[in-house]
Amino acid sequence: MLRKLMLLPLLAVLSLGGAAAGAADFSTHKSAVIFYSLLHNREGGDAWEQSHPVGNTEIIADLIVKQTGADKFSLVQAQPYSNDYDEVTDLARTEQEEQVRPALKEVPDLSAYDVVFVGFPCWWGSYPMAFATYFETGALKGKTVVPFTTHMGSRFGHALTDLENALPDSTITDGLAIRGSDVSDSDTAEQVTEFLQDLQL
Ligand SMILES: Cc1cc2nc3c(=O)[nH]c(=O)nc-3n(C[C@H](O)[C@H](O)[C@H](O)COP(=O)(O)O)c2cc1C
């Protein structure tokens, strides 16, 4: 009898298909991932690009797509940065200080989605200014926004506060920050799974 009672919690978990009670159920949402990676926003064709065929943030975007069935969009600005990393970092800093709004190659239409994962590399403690341009289009109004970032040590920096200010009409959930050097580690996919399971949508 005691053994039967001990089995009950296990059976309850199995009947939920292994998902923790209260875990986010993506089948009841229409989800999209929109991400920015430098790789899609710089002049290409050099050796660096050949050795890094996918940007860090896109690697996390792909894990989210794989685990949620979300549709994927890349945010691309009209004018790409140069291939010179130092030049890019200097220019990006100036753009942030001056609150520049880079023109976008196109404005992804996410009107059909209610949950939008927004992924960016941490740039000078925030998101690349191309996202500032995108947020100002109002495309994420009324949506649940799930932020994620890749970084070299700053995690989100002040990006979450910036997001709240830029998206007052969106619901912003907890975010996921992954160090750029860890994106391809075997336990990163697991970290993404745990993050998705814990999301309150
Ligand atoms: C312009 C620029 C600014 C950056 N600023 C920061 C920063 O403030 N903090 C940090 O931890 N990493 C910073 N990084 C590193 C990137 O966040 C990190 O390499 C990221 O994983 C790159 O993602 P991607 O390959 O998708 O572009 C910066 C990189 C660039 C190019």
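Q: What makes the distance between the end C-alpha atoms of helix H3 agree with its number of residues?
A: The expected span of a helix is 1.5 Å times one less than its number of residues. The 13 residues of H3 should therefore span 18 Å, and its end C-alpha atoms are 19 Å apart, which agrees. H3 covers residues 56-68; a helix is a DSSP run of H or I of at least four residues, a strand a run of E of at least two, and both are numbered from the N terminus. The model is predicted, with local features requiring pLDDT of at least 70 and side-chain atom pairs pLDDT 80 or more, while totals for chains, interfaces and linings use all residues. Residues are numbered from 1 along each chain as its sequence is written.

Q: Which residues of H3 are called buried, and against which elements do they pack?
A: A residue is buried if 20 or more other C-beta atoms, placed from the backbone, lie within 10 Å of its own, exposed if 12 or fewer, and partly exposed in between. The buried residues of H3 are Asn 56, Thr 57, Glu 58, Ile 59, Ile 60, Ala 61, Leu 63, Ile 64 and Thr 68. These residues pack against strands S1, S2, S3, S4 and S6 and helix H7; a contact requires C-beta atoms, placed from the backbone, within 7 Å. Just after H3, Gly 69 takes a positive phi of about 80 degrees.

Q: Why is Val 146 called buried or exposed?
A: Val 146 has 26 other C-beta atoms within 10 Å and therefore counts as buried. This residue is in strand S4. Its contacts, residues up to four places away in sequence not counted, are Val 115, Phe 117, Val 118, Thr 173 and Leu 199. Val 146 and Val 115 are 31 residues apart in sequence, yet their C-alpha atoms are 7.4 Å apart.

Q: How do you know that S4 and S6 pair?
A: Two strands pair if DSSP finds at least two bridges between them. S4 and S6 are joined by 4 bridges and run parallel. In one of these, Thr 150 has Ile 178 in S6 as its partner. Side chains alternate along S6: Leu 176 and Ile 178 point to one face and are buried, whereas Ala 177 and Arg 179 point to the other and are not.

Q: What makes the phi of Gln 99 and of Trp 124 notable?
A: Most residues other than glycine have a negative phi. Gln 99 has a positive phi near 50 degrees, and Trp 124 a positive phi near 45 degrees. Gln 99 lies in the loop between H4 and S3 and has 8 C-beta neighbours inside 10 Å, so it counts as exposed. Trp 124 is in the loop between S3 and helix H5; with 18 other C-beta atoms within 10 Å, Trp 124 is therefore partly exposed.

Q: What makes a residue part of the shell around the ligand, and how many residues surround the ligand?
A: A residue is near the molecule if its C-beta atom, placed from the backbone, lies within 6 Å of it. The ligand is surrounded by 22 residues, the closest being Gly 55, Thr 57, Pro 121, Ser 154 and Gly 180. Helices H3 and H4 and strand S4 each give two or more residues to this shell.

Q: How do you know the confidence of the model along the chain?
A: The predictor's confidence in each residue is its pLDDT, from 0 to 100. The chain averages 90, and 89% of the residues score at least 70. Over residues 7-20, pLDDT stays under 50.

Conventions. Contact = placed C-beta atoms within 7 Å.
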